[in-house]
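Hello,

As promised, I am passing this structure on to you. Please open it first, and then read my notes alongside it.

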Amino acid sequence: MAAGLTSVLALLLVVFVLLAPNQLTLLTPAAFLRLPLEALLVVALVLLLPTWGRRVLAVPVGIALGLLAIVKVIDMGFFAVLARPFNPVFDWISFEAGTDYVEESYGRTGAVVAVVAAGLLAVGLLVLMTLSVLRLTRLVVRHRRASTHIVSALGATCVVGAVLGVQIVPDVPVSTLTYDRALQVRAALRDQEVFAAEARVDAFGDTPGDQLLTALRGKDVVLAFVESYGRSAVEDPAFAPGIGATLDTGYTRLRTAGYAARSGWLTSPTYGGGSWLAHGTLLSGLWINNQQRYTHLVASDRMTLNRAFQRADWRTVGVMPGITQKWPEGTFFGYDEVHASKELGYRGPQFSWAQMPDQYTLSVFEQREHAKPDHPPVMATIPLVSSHAPWTPIPELIGWDQLGDGSIFGPMAEVDESSDDGWRDTDKVRTQYRRAVEYSLNTVVSYLERYGDDELVFVYLGDHQPAPLVTGESASHDVPITIVAKDPAVLDRISGWNWQEGLKPGPDTPVWRMSDFRDRFLTAFGS
């Protein structure tokens, strides 16, 4: 009895791994109404091979199935967070980034537990699948006659179905995951050549500094990335009323202060995470949608938007609250100085992943760069990270004169719910996301009201959409972008872009790839 039950469980496990989809949302009973063609081929080989050959075949097949199970589990995680499958060529760095995220959000112990649990799961799947295949191989040989009949009948069904186009489940092929993954690897390996060809084209690479950004001479320019600020924040009915009101009220306040603004859409190369890919794309004018492209980019001499300002005699700085380790990329991007997290003088609490509130980050820029008497024109890149997942706890805006070293934020981090509590309820996660984005947007408006002047041009945009848990499965990769200035000549320069007036782009506002922005910006503001 026990032996029979073990064999049934082994069969169910093998079939489950072969037929299970690699997305949690597709894990339905209908997904298993298919014939596992790979299993039929292996059983046929087992019936044809001698005893020693069966053992040689069973072990690698078991390991392969274990690896397939591991890849499917990883895919499920990638689809849940990044809305795409795991790429075995590009995505190994994502594990390091994921570990860093867990450590920043849940502490060192949480990161260690997560890594150990993942390792045990991987080893367990490999061992369990290999033992299951070995057991089923012996079972097939023991019942050779019945196995032959079953394989023949099912094999004929597969052939007839393929010839006639018959499908048990509409639009679901018999088995495609392994083949699709092989094509994915092939395309990924070739992508290096494709990217090299794209990078060789640079319309502004040799442009002299005296011809760059001439329409912005004497201006201070801030380029701020608002973490996870995507199109869904503006248009999804779950967020649009609250965030839309924040943007409308914010624009009314800015108009009172003498500003005008124009907003558009950019399509981000990433989704749910990988902010550095979006930063690299916007600043370089190249489509950086994977780590291999990013690695080659930062090892090149590509002229970034920062370098263009630097060549035109701006002081270029990065205020980087999320940089907690060495960051050699700063040299590539063209920063005269990088103000990293540990150098910002913050003594307040950490807000989950965010090392400090956005308000404090902007105050450091103001004190160290913008407020300096007789400072040269400055171009600053500032990631605003308070709207980074897991969106709890969330700081509140306070008086700018009260910030000090950030210690005043202590009670806010204590009274809000923990990161663990926030993820237990999807509706609560979405509410927290909305609140976090509203905080970041209100912070930008408040900064401009308090510290903006006639010579400040403030550009802010989303880096990517939040995770599919927040947006749903069918959301686009689009993010809003807004340019705010008091000088009407600045916005006159982009009148041909047909962007929407205000802080909120309209549904029919043009959509560009994020990689197009560098050249369009340099063209609009150059001589």
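Threonine 482 is a good place to begin: its relative accessible area is 0%, so it counts as buried. One thing to keep in mind throughout is that this is a predicted model. You will find threonine 482 in strand β7, which covers residues 478-485. What does its side chain make a polar contact with? The partner is the side chain of serine 263, at 2.7 Å. Neighbours within four places in sequence aside, threonine 482 is in contact with Ala261, Arg262, Ser263, Phe458, Val459, Tyr460, Gly502 and Leu503. Serine 263 is therefore on the contact list as well as being the polar partner.

Now for the chain as a whole. The protein chain has 19 helices and 9 strands. Of its 527 residues, 49% are buried. If you take the contacts between residues at least 6 apart in sequence, 76% of them join residues at least 24 apart.

Next, please look at strand β1, residues 220-226. Here 7 of the 7 residues are buried, so the strand is largely enclosed by the rest of the structure. Both of its faces are covered: Asp220, Val222, Ala224 and Val226 are buried on one side, and Val221, Leu223 and Phe225 are buried on the other.

Which strands pair with β1? One is β6 (residues 456-462), which pairs with β1 in the parallel sense over 7 bridges. In that pairing, aspartate 220 stands opposite leucine 456. Another is β5 (residues 378-384), also parallel to β1, with 6 bridges. Two positions help you to find this pairing on screen: valine 222 stands opposite alanine 380, and phenylalanine 225 stands opposite proline 383.

Strand β5 deserves a visit of its own. It has 7 of 7 residues buried, so it too is largely enclosed by the rest of the structure. Val378, Ala380, Ile382 and Leu384 point one way from β5, while Met379, Thr381 and Pro383 point the other way, and all are buried. Besides its pairing with β1, β5 is joined by 4 bridges to strand β3 (residues 315-320), and the two run parallel. Valine 317 of that pairing stands opposite alanine 380. Alanine 380 is thus a handy landmark, with valine 222 opposite it in one pairing and valine 317 opposite it in another.

On to a pair of helices. Two packed helices are described by the angle between their axes and the distance between the axes. The axes of α13 (residues 358-370) and α16 (residues 426-451) come within 9 Å and cross at roughly 30 degrees. Angles under 35 degrees count as roughly parallel, and α13 and α16 are therefore roughly parallel to each other. Their crossing is right-handed. Where they meet, α13 brings Asp358, Gln359, Leu362, Phe365, Glu366 and His370, and α16 brings Tyr439, Ser440, Thr443, Val444, Tyr447 and Tyr451.

Two loop residues are also worth a click. Phenylalanine 90 is found in the loop between α3 (51-82) and α4 (92-142). Is this residue buried or exposed? At 10% relative accessibility, phenylalanine 90 counts as buried, because the cut-off for buried is under 20%. Phenylalanine 90 and glutamine 291 are 201 residues apart in sequence, yet their C-alpha atoms are 5.6 Å apart in space. Beyond its neighbours within four places in sequence, phenylalanine 90 is in contact with Ala188, Asp191, Asn290, Gln291 and Gln292.

Some of those partners lead to helix α10, residues 291-298, whose buried residues are Gln291, Gln292, Arg293, Tyr294 and Leu297. At the start of α10, a side-chain oxygen of asparagine 290 reaches to within 3.1 Å of the backbone nitrogen of glutamine 292.

The other loop residue is alanine 215, placed between α6 (177-199) and β1. Alanine 215 is partly exposed, with a relative accessible area of 24%. How far apart in space are alanine 215 and alanine 524, C-alpha to C-alpha? The distance is 8.3 Å, although 309 residues separate them in sequence. With neighbours within four places in sequence left aside, alanine 215 is in contact with Arg493 and Phe525.

Enjoy exploring it!

Best wishes

Key. Residues numbered from 1 in each chain as written. Predicted model: local features only at pLDDT ≥ 70, side-chain atom pairs only at ≥ 80, totals over all residues. Heavy atoms only, no water. Buried < 20%, exposed > 50% of the residue type's maximum accessible area, 1.4 Å probe, protein only. Polar contact = N/O pair within 3.5 Å; in protein donor to acceptor, adjacent residues only side chain to side chain. Contact = heavy atoms within 4.5 Å. Pairing = 2+ DSSP bridges. Axes fitted to C-alpha atoms, helices over the stretch in contact; angles between N-to-C directions. Parallel < 35°, antiparallel > 145°, perpendicular 65-115°, else oblique. Left-handed = near helix turned anticlockwise from the far one by under 90°.
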